[in-house]
Amino acid sequence: MSAAPLVLALESSCDESSVAIVRGQEVLCNLVSSQVPLHRRFGGVVPEVASRQHVLAMEPLIRQAVAEAGVGLEALDAVAATFAPGLMGALLVGLVAGKGLAWALDKPFIGVHHLEAHLWAAKMAEPDLPPSFLGLLVSGGHTSLVRVDGADAFTTLGATIDDAAGEAFDKVGRMLGLPYPGGPEIDRLAPSGQPKAFAFPRAWLDGGLDFSFAGLKTAVRRAVEKHEAAGLPLPVADLAASFQAAVVEVLVTKALQAARQEGLPAIALAGGVAANRGLRAALGAACAQAGLRLALPPMDLCTDNAAMIAGLAAERLRLGLTDPLSLAPAARLPLGAPRRP
Ligand code: KG4
Ligand code: ZN
């Protein structure tokens, strides 16, 4: 197998349909068709709507990707698809399409764990990142601290015990009457508010590496209800700033703690919440002070995309890690858990 295999990957685990082609870790094309506008009027992702939209989007995206990358399907060294975790119906669309393509082309198939791919994105963006680093994965569905030692070595050190960080942003956004998804809206409003206006709780969980955002969410709800009961206008910017400050402080503190405990020289930020300007700035300052390297992948590699799936698949292929076409999808699957045929 060439050191830089040509891999086409499909991603459909949630609300973005995406197809990408890489040569090794180099992205030749990364097409993303977002369903966010479709789900907006429901205030969240509707699984059945997501699955149907993936079915409509996938084939045209594959055709477009092949045309844009200027490679024939027969030149591919492997086909990859996300197999876990995610919405079962949505996952199945990309997975079945990927397996079908691999079978028809008689090429190896590689199933990719979506969260591992989010963490791998840092390595694609910064190839000289040390082989072992700490990943802080913050997305709509997940909040985890992960030790990364290679394309087949991911160890979860801590994770949320209730809401994911992005989920908390989106739920608080809804409480504040902001459009879906609330994360980018809160990020936009926070700089014009006072981060100390409300003393929202930080869940330290006895100094461990797990997270909890449920109590914080409830505290915001109480503050909103108090204002509404008193007939006062909501201080939306102050609430956004205070909420964001509470989330960011916990994420940054625990990430630095994890890197220190594990003796890791670098931290990589991953997932959709990595777009948050408050988080980027605070993590940047903390890493600089602690003498740690910080990898902030570009946004198109942080939000859901197939390039990260293809990049991790290319590395797994190089290591000889391919999967049978019987590989089962999984709505939930811890990092490092065995794959089921
Ligand atoms: O990784 P992602 O695109 O999808 C998955 O969940 O896998 O993450 C989406 C999440 C949403 O909850 C969204 O509100 C949040 O990322 N998000 C942000 C920002 N941009 C996106 N949260 C805070 N600040 C942002 N700028
Ligand atoms: Zn994701």
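This tour of a predicted model goes from ligand 1 to the pocket around it and then to three backbone sites in loops.

**Ligand 1**

Select ligand 1 and show the residues around it, of which there are 19. Those that come nearest are G140, D170, D187, G272 and N276. Colour this shell by residue class: eleven of its residues are polar, five are nonpolar and three are charged.

Next, pick out the polar contacts. Start at G140, where a backbone N or O atom is 2.7 Å from an oxygen atom of ligand 1. Move to G183, which also places a backbone N or O atom by an oxygen atom of the ligand, here at 3.3 Å. At N276 the side chain takes part instead: one of its N or O atoms lies 3.0 Å from a nitrogen atom of ligand 1.

Now switch on a surface for the protein. On its own, ligand 1 has 550 Å² of accessible area, and the protein covers 87% of that. To see which elements stand around the ligand, select α4 (114-125), α5 (165-175) and α6 (182-189); each gives two or more residues to the shell.

**The largest pocket**

Keep ligand 1 in view, since the next stop is the largest pocket, where ligand 1 sits. The space in this pocket comes to about 1500 Å³. Its lining is made up of 50 residues. To find the centre, select C14, S139, G140, G141 and H142, the lining residues that lie nearest to it. G140 is a residue you have already visited, as one of those that come nearest to ligand 1.

Colour the lining by class as before: 21 residues are polar, 19 nonpolar and ten charged. Then show the elements that each supply at least two lining residues: α4, β7 (143-150), β8 (153-159), α5, α6 and α10 (299-302). Among these, α5 gives the most, with six residues.

**Backbone sites in loops**

Leave the pocket and turn to the backbone. Most peptide bonds are trans, and most residues other than glycine have a negative phi. The last three stops depart from this pattern.

Select A84 and P85 to see a cis peptide bond, with omega near -20 degrees. P85 belongs to the loop that runs between β4 (78-84) and α3 (88-105).

Go on to Y180 and P181, which are also joined by a cis peptide bond, with omega about -5 degrees. P181 is in the loop between α5 and α6, and both of these helices were met earlier in the shell around ligand 1.

Finish at L205, in the loop between α6 and α7 (214-229). L205 is not a glycine, yet its phi is positive, near 50 degrees.

Notes. Residues are numbered from 1 along each chain as its sequence is written. Chains are lettered from A and ligands numbered from 1 in the order in which they are written. This is a predicted model: local features need pLDDT of at least 70, side-chain atom pairs count only at pLDDT 80 or more; totals for chains, interfaces and linings use all residues. Side-chain values use heavy atoms; hydrogens and water are left out. A residue is near a molecule or strand if one of its heavy atoms lies within 4 Å of it. A polar contact is a pair of N or O atoms within 3.5 Å; within protein, one must be able to donate a hydrogen and the other to accept it, and residues adjacent in sequence count only if both atoms are side-chain atoms. Accessible areas come from the Shrake-Rupley method with a 1.4 Å probe; for residues, only the protein chains shown count as cover. On a 1 Å grid over the protein atoms alone, a cavity is a set of points where a 1.4 Å probe fits but cannot get out, and a pocket is an open set with protein on both sides within 12 Å along at least five of seven lines; lining residues have an atom within 4 Å of a point. A molecule sits in a cavity or pocket if more than half of its atoms lie within 2 Å of its grid points. Helices (H or I, at least four residues) and strands (E, at least two) are DSSP runs, numbered from the N terminus. Ala, Val, Leu, Ile, Met, Phe, Trp, Tyr, Cys and Pro count as nonpolar, Asp, Glu, Lys and Arg as charged, and the others, Gly among them, as polar. Grid points are joined across faces, edges and corners, and a volume is the space filled by probe spheres set on the points.
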